[in-house]
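Open the model in a viewer and keep the selection tool at hand. The stops below go through charged pairs and then a helix.

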Amino acid sequence: MKSLEKIKNQSFPSGSTHEWKTKAEQSLKGKTVESLQTTTYENIILKPLYTHQDERPVPDFPGGSDFRRGTYPLGYLTNDWVVAQQLSYQTAEELEQKLRQSFNKGQTAISFKVSKALLEVETNLAKLLGESYFQYPFSINAKSLQIAFLSKLERMAEQEGAIDKLRGYIGADPVAIFAEEGCISEEFFNDWVKNIVHSNEKLPNVRTILIDTAPYHNGGASAVQELGIAMAEGIFYLENLQNAGMELDEIFAKMIFQFSIGSNFFMEIAKLRAARVLWNRISNVYGSTDDMGRMHIAAETSSFTKTVNDPNVNLLRAGNEAFAAVVGSIQYLHVRPFDDLTGATSFSERIARNAQLLLKEEAHLTKVIDPAGGSWYVEELTNDLAEKAWGFFQQIEANGGILETLKTNWLQQEIAVVYEKKNQDVQTRKKSIVGTNVYANLDEIVTHKKTQTRNSCFTNMENSLIKMEAIPDLRLAEPFEELRKKAKDLEVKLGSKPTVGMICLGGLKQHKARLDFMKGFLAAGGLKAAESKPILSLEEARQFILETPAKYYCLCGTNEQYEIIGYEILPALKTEFPELIFYLAGLPEKEGLDRWKDAGIKQFIHMKSNCYETLTSILNDLEVSKVEETKA
């Protein structure tokens with residue numbers, strides 16, 4: 001018993017931050033702990049370790065103070081998030097069937113993309129929705145069709161005597177639509193304002209003012225920019241709707257914010273928490289009551305992070321993003337199906353819906369109130385994001401507000417700068433996209449991305465439009481997907497996969513590391529690496545080239561092998577095959593670079609190389625060579 005009591009009272013000795021730093025720097029072999037710091041796209045410096053010294057006063061409980069810890073004191077225990085999977089459909093009949101099936105399988109919201117077909121006179125909304133609109137909230141971004149859809153829904157509800165039973169949100173964000181379209185229509189905006197005022201009276205329980213940050217997110221915006229834009233849009237609508245005669249609390253009660261959730265897990269959690277902090281600050285300045293100033297959030301997993309190649313990896317991406325959204329505390333959630341880019345199937349839609357059910361029933365996230373609360377890292381990140389986003393919001397306002405910054409293209413340029421940084425990291429493979437720029441599978445059968453024709457919302461208002469630069473709908477994987485498509489087209493023309501020969505110097509142990517690196521590097525662009533047997537002499541290298549028809553070759557081996565064999569055989573190969581282009585895997589010492597270039601090396605391919613530019617150059621050259629060969 002005494003021994004047991006002694007064990008119970010024992011504890012590990014507490015270590016100081018200084019002791020940890022000393023141990024860490026020993027393992028870093030001369031580097032400092034500060035070298036582990038990273039800077040995000042939001043210009044926030046992340047430290048390798050956060051301690052109680054980083055702690056700042058935070059609200060003691062969720063639902064209190066600045067709402068960073070959630071809108072409700074008991075979180076999902078009393079206010080569970082809504083499973084709002086957006087249903088795809090071709091006909092009203094198919095949508096009706098899907099709605100009924102989905103509610104039996106875990107869906108808890110009426111969510112679909114409003115189409116013009118649904119607004120046709122013959123479409124019976126009462127039959128389409130059945131009794132679901134009595135039981136479930138709406139979760140719909142109706143975009144430019146909001147006015148027509150609300151009008152049709154209102155007439156139906158009045159006939160059924162069910163106006164008070166309509167709830168949830170059927171929103172639209174005119175500013176976001178302007179950003180996507182690349183033009184501003186004052187006529188459209190004025191009609192929207194009138195409709196919001198009308199709906200406030202006729203549909204008391206339906207939120208209609210949507211602040212949609214997805215277009216900015218998909219254009220490449222950072223979390224700071226998304227938050228600043230959301231606040232600027234919120235202010236813009238508050239001012240315009242007050243001028244239209246709505247009461248302040250009425251406007252707040254009609255608002256809902258939509259965020260796309262990206263792949264940076266902790267940043268996305270902090271983004272949602274910071275959003276509530278910022279909106280609470282604004283609502284306090286405007287003098288709203290506490291209940292009305294609570295931010296309601298509809299989240300969706302990002303399309304910006306998804307890929308056409310190796311789409312099953314999208315399951316992991318969407319799961320990670322959905323997890324972050326739920327931990328960040330949201331009211332509605334849509335998880336994109338893994339094959340959404342090429343056309344979702346009933347299977348992928350079921351898997352996407354089940355991802356939410358797993359978070360509820362298996363991960364038990366409905367049982368824990370604010371699991372991120374008190375984390376020194378998350379709290380510090382929340383504070384940093386809130387401060388920087390407030391600064392960006394102030395920049396927008398100083399430049400004339402959200403519409404003016406769009407008109408002058410200032411906002412578009414700010415977002416483009418961040419996108420270029422992200423794109424550069426993808427091209428150099430500093431940022432990995434599994435199945436696309438790393439671990440690409442050359443044998444996979446790729447389903448082409450579905451083509452979406454987007455008709456302008458303002459075709460009847462052409463003369464009254466104010467033109468501006470549109471914010472493009474982008475994805476990080478697109479440049480490499482284009483390379484893979486180009487390689488596939490070239491394969492059809494050549495009759496075989498475009499190939500780069502690998503001259504493997506020395507034994508397997510000497511060349512394997514750089515050979516594997518080059519295989520992965522080339523596969524990202526759809527290029528095949530044809531490897532030689534171990535090369536120990538000029539004759540063996542010469543024979544490999546004669547047996548392997550290719551225009552490009554790469555030397556692979558250790559630096560020692562390069563000096564022993566590589567430098568000896570390269571000038572001879574270049575003399576005998578002057579039309580061939582040679583690369584070298586790795587980066588020799590600086591003083592030896594010119595020597596290798598003089599010997600015939602066109603480029604050194606290493607960890608910091610721009611993979612996209614190198615592969616583009618090879619594919620373009622092979623394409624030109626094939627055209628010239630055909631002409632000859």
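Select R595 in this predicted model: with a relative accessibility of 30%, this residue counts as partly exposed. Now add E563, its salt-bridge partner, where the closest N and O atoms are 2.9 Å apart. The pair links distant parts of the chain, since R595 sits in helix α22 (residues 590-599) and E563 in helix α21 (residues 559-576), 32 residues apart. E563 is partly exposed as well, at a relative accessible area of 42%.

Next, select D66, R68, R69, R273, D370 and E379 together; salt bridges with shared partners join these residues into one network. A search of the whole structure finds 31 salt bridges.

Move to helix α20 (residues 538-547) and pick E539 and R542, which lie three residues apart and are therefore separated by about one helical turn. Their salt bridge has its closest N and O atoms 3.6 Å apart. E539 is partly exposed at 46% relative accessible area, and R542 is partly exposed at 26%.

Then select D54 and K47, a salt bridge with closest N and O atoms 2.5 Å apart. Which partner is buried? D54 is, because its relative accessible area of 15% falls under the 20% cut-off. K47, at 33%, counts as partly exposed.

For the last stop, select helix α14, residues 346-361. Its 16 residues reach 22 Å from first C-alpha to last, close to the 22 Å expected. Colour S348, E349, A352, R353, Q356, L359 and K360, which are buried. To see what the buried residues of α14 pack against, show β3 (82-83), α3 (92-103), α13 (313-327) and β10 (332-334).

Terms used: Residues numbered from 1 in each chain as written. Predicted model: local features only at pLDDT ≥ 70, side-chain atom pairs only at ≥ 80, totals over all residues. Heavy atoms only, no water. Helix = DSSP H or I, 4+ residues; strand = E, 2+ residues; numbered from the N terminus. Expected span 1.5 Å × (residues − 1). Buried < 20%, exposed > 50% of the residue type's maximum accessible area, 1.4 Å probe, protein only. Contact = heavy atoms within 4.5 Å. Salt bridge = Lys/Arg side-chain N within 4 Å of Asp/Glu carboxyl O.
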